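Thank you all for making time today. I would like to walk you slowly through one structure, pausing to explain each term when it comes up.

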Amino acid sequence: MPSLTRDEARQRAQLISVQRMEVDLDLDRGTEHFGSSTRITFSCSAPGSATFLDLRAVSVETIELNGIPVDPAAVVDGRLPLADLGADNVVEVRSTMAYSRDGQGLHRSTDPADGEDYVYGHLFLDAAPTVFACFDQPDLKASYAVSVRAPQEWVVLGNGRATRTAPGQWDLSETLPLATYFVTVCAGPYVSVHDEHDGIPLGIHARRSLQRELEAHGPQMFEVTKQSFDHYHRTFDVRYPFGDYDQVFVPEFNAGAMENPGCVTFRDQMLFRGAATRQEVMQRSNTIAHEMAHMWFGDLVTMRWWDDLWLNESFAEFMAYTATSRATEFTDSWVEFGISRKQWGYAAERAPSTHPVAGSPAPDAQSALANFDGISYAKGASVLRQLVAHIGEEAFNAGVTAYLRSHEHSNGELSEFLATMEEAHGSSLADWSAAWLETAGVDVLALDRDGTLTRTTPQAHPADRSHALDVAGFDDGAEVFRTRLTLDTASATVDGVQREAALLVPNAGDLTWAQVDLDAESLAALPRELPRLDDSIARSVLWGAVLTGVYRASVDPAVALDVFTAAWPHESDDALMSRVALAFTDRLVPQFLPPEGVAGARARLANAALTTFEVAEPGSDRALVAARVLAATTTDEARLEAWVSGRSLPTELEHDSDFRWIVLQTMARLGLADEHRIAAVEADDTTLSGRLAGLAARAARPGTREKAWAWSEISGNRERSNYELNALATGFWSSGSLEDLRPYAARYVADIPRLAEWLGADALDRVATLAFPSRIVETETVALVRAAMERPDVTSGVRRSMGDELSKLEEALASRSRWS
Ligand SMILES: [Zn+2]
């Protein structure tokens with residue numbers, strides 16, 4: 001199926017405008033297919049010319065253009081040519097479409113807890129033609145009048161307010177102009193909670209089997225929703241325009257959430273069924289604020305073409321962290337941004353696939369998806385923070401308001417955004433944009449004991465980036481100096497640096513986008529000083545410097561492990577606790593340490609977790625995070641056995657199914673859980689989460705027969721959903737001897753690209769990442785993957801996933817050759 005090119009989109013947008021979409025979906029035709037009728041009213045600026053409609057149907061029953069039948073056989077490769085257009089046109093299409101299992105299009109799945117079916121639409125990025133005939137590009141917006149027929153006991157939700165007009169028959173009120181990619185319909189026996197704020201009706205919805213969780217978490221989510229609305233109304237000075245605001249938790253969702261106007265969809269793991277830490281609730285709150293920011297930036301004003309997708313995401317990311325830190329209880333949300341989002345973005349910068357925030361060519365829609373990464377989100381948001389530092393918050397907000405007002409219900413692009421910012425600021429931003437938005441790469445900042453701050457620009461991407469930042473020094477936990485400055489040269493002497501301070505921290509406020517090299521004295525002082533440091537942002541920068549130092553082979557992983565064992569048990573911020581632990585358990589220890597050092601290192605992680613768990617206040621977030629890390633790393637059979645049987649558990653973890661699965665998965669990895677055992681735990685947890693965890697546990701068993709089974713399920717079972725594949729792939733690489741696993745590096749390059757025959761790109765790229773042979777840190781793996789990346793049958797998305805994982809593997813190889 002060819003992906004729409006930028007040139008085709010431009011030509012089509014010059015030729016036609018779409019006024020109205022009438023879509024009628026019949027979701028009561030069994031579990032495989034649904035009916036889709038579309039009536040599109042559109043005009044053409046050059047009557048007599050031709051264009052095409054996008055349509056990816058199972059079968060097309062009838063087509064009429066301006067009342068004249070068109071042969072359905074004219075649809076080829078997802079396109080229907082429309083010839084001899086009038087000034088005003090109506091095209092009508094009746095077709096049969098297929099539900100998806102990969103989270104793209106109209107996804108349908110059965111809840112194993114009660115056998116109920118649920119449907120949701122995820123039309124991003126170009127799946128709309130699998131649901132209804134349309135002109136599928138972001139700058140052909142139209143109002144939508146949608147009606148839905150569904151089983152009588154179902155509830156229907158969508159962008160417009162849903163009204164049940166007869167049993168099983170629903171009408172959605174006509175919308176403001178929408179782009180195809182954020183139209184949605186959700187249908188099934190969803191349950192709901194309702195509220196209202198500032199004249200906006202609010203609803204939150206979830207599967208029936210999650211009703212208890214919905215009711216438990218609803219009040220907190222409504223509170224954040226209201227706080228975010230107030231914050232954005234104040235900041236943007238433009239009212240939320242899309243009517244009711246529904247938030248729907250849906251199963252097997254590929255992304256975190258999707259900003260469909262008036263009907264945001266979220267992955268439903270965010271309705272935590274067990275104990276949740278404050279950090280997990282903060283992340284969900286941040287996602288709520290992120291999707292809401294898109295109502296203005298993305299939905300009200302949409303990028304003209306996918307090459308400006310970064311603008312949507314950078315903006316929403318920046319706005320969400322600003323909103324949560326200022327308008328909710330999560331005033332420290334930038335700490336999480338530093339250790340989680342920025343680390344993701346720095347990793348993307350170190351990969352060969354790094355690209356500028358803006359202006360990456362997206363010759364077709366699918367190629368834009370590849371750049372939808374930590375650079376678009378975390379770097380983009382950091383760059384917007386730099387812009388605020390550069391032009392001032394007042395000018396920034398004034399520019400945003402002007403941009404929204406001048407492009408509302410329409411589209412915009414980078415040059416227009418910058419022009420409004422320049423007008424608000426009063427001078428050119430061309431140099432600033434060239435350095436920060438249009439050039440790839442991340443600088444390294446280092447501060448020496450003489451107070452010299454140096455900026456090292458990557459050779460591959462030279463740029464003259466000016467950094468607004470602060471540097472600070474700490475001694476015995478207390479700040480002894482802090483200097484705010486703008487660094488716009490390769491090096492500068494910073495006033496006020498006290499050379500005897502135990503810790504010198506460049507970018508101590510984490511305001512700029514840069515990797516940090518610590519001086520030798522500060523690095524050596526970390527085990528002693530980090531536990532005493534009160535400033536959580538500075539700790540986030542320091543933990544980040546240790547991790548990126550290991551990844552860049554400038555810090556010995558053994559030193560990092562010493563810092564961890566000394567400082568982690570004292571870490572008081574649970575975002576730092578859980579993110580840092582994850583980096584050690586999932587990447588640093590298994591990839592960077594030589595195979596003979598892994599067991600000892602894991603024992604040290606487990607020991608640090610045990611110490612923390614034993615002294616943490618029962619029921620606290622610290623206790624919970626420590627218990628999870630302990631459960632994931634310990635080899636103490638007696639403890640695992642007790643916990644999986646529900647004995648000796650901390651009170652807050654009794655009846656916590658997710659925690660029980662962590663324990664069981666560790667047992668599976670250690671060869672302590674056979675099929676019988678896994679099935680017994682599964683029988684106690686018949687939910688979707690339980691079924692996925694069961695699959696992961698089965699794939700985590702170390703035996704050769706078990707690995708062979710898991711691999712054949714990943715590579716050959718076409719019935720597996722996106723989430724099932726993810727669970728299997730994660731479990732697969734979590735255990736087993738190198739000898740047993742080594743053959744699967746070759747199987748990976750042979751088998752995974754073939755999944756493109758039946759799996760959508762979003763889902764496939766994720767599987768290609770998770771199934772990558774990251775544990776086989778050997779030059780042979782590099783050769784295998786490099787050869788595969790040259791093959792023409794490997795899709796661009798899989799090639800990108802392979803390349804990014806390969807770059808991480810090469811970082812591990814470089815570190816091992818330096819430090820082992
Ligand atoms: Zn977003």
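Let me begin with a term that we will need straight away: contact means that heavy atoms lie within 4.5 Å of each other. Helices and strands, in turn, are DSSP runs numbered from the N terminus, where a helix is a run of H or I with at least four residues and a strand is a run of E with at least two. Please keep in mind that this is a predicted model, in which local features need pLDDT of at least 70 and side-chain atom pairs count only at pLDDT 80 or more, while totals for chains, interfaces and linings use all residues. Residues are numbered from 1 along each chain as its sequence is written, and side-chain values use heavy atoms, with hydrogens and water left out.

With that in hand, let us look at a pair of helices. In α12, the residues W543, V546 and V550 meet P557, A560, V563, F564 and A567 of α13. Sorted by type, the residues of this contact between α12 and α13 are eight nonpolar, no polar and no charged, where Ala, Val, Leu, Ile, Met, Phe, Trp, Tyr, Cys and Pro count as nonpolar, Asp, Glu, Lys and Arg as charged, and the others, Gly among them, as polar.

Two packed helices are described by the angle between their axes and the distance between the axes. The axes are lines fitted to C-alpha atoms, for helices over the stretch in contact, and the angles run from 0 to 180 degrees between N-to-C directions. For α12 (residues 536-551) and α13 (residues 557-567), the axes come within 9 Å and cross at roughly 155 degrees. Angles under 35 degrees count as roughly parallel, over 145 as roughly antiparallel, 65 to 115 as roughly perpendicular and the rest as oblique, and α12 and α13 are therefore roughly antiparallel to each other. The crossing of α12 past α13 is left-handed; a crossing has that name if the near helix is turned anticlockwise from the far one by less than a right angle, and is right-handed if clockwise.

How, then, do the axes of α14 and α27 cross? Helix α14 (residues 574-592) and helix α27 (residues 796-819) have axes that come within 9 Å and cross at roughly 50 degrees, and these two helices are therefore oblique to each other. Here α14 passes α27 in a right-handed crossing. On the α14 side the contact is made by R587, P590, Q591 and F592, and on the α27 side by K808, L809, E811, A812, S815 and R816. The residues of this contact of α14 with α27 divide into four nonpolar, two polar and four charged.

Helix α27 also holds R818, which is exposed, with a relative accessible area of 52%; here exposed means over 50% relative accessible area, buried under 20%, and partly exposed in between, using a 1.4 Å probe and protein chains only. Although R818 and A553 are 265 residues apart in sequence, their C-alpha atoms are 7.1 Å apart in space. Leaving aside neighbours within four places in sequence, R818 is in contact with A553 and S554.

Next comes the metal site. Which protein atoms are the donors of the zinc ion? They are NE2 of H290, NE2 of H294 and OE of E313, lying 2.0 to 2.1 Å from the ion, and donors here are N, O and S atoms within 2.8 Å of the metal (3.2 Å for Na, K and Ca), with water not among the atoms, so sites may look incomplete. Along the sequence the donor residues are spaced H-x3-H-x18-E. Because H290 and H294 are four residues apart in helix α3 (residues 278-296), they are separated by about one helical turn, and both of these histidines are buried.

I will finish with some details of the backbone. Both D84 and E252 have a positive phi in a residue other than glycine, near 50 degrees for D84 and near 55 degrees for E252. D84 sits in the loop between β6 (79-82) and β7 (88-98) and is exposed, at 60% relative accessible area, whereas E252, in the loop between β17 (245-250) and β18 (257-258), is buried, at 1%. Finally, a cis peptide bond joins F124 and L125, with omega about -5 degrees, and L125 is found in the loop between β9 (117-122) and β10 (143-149).
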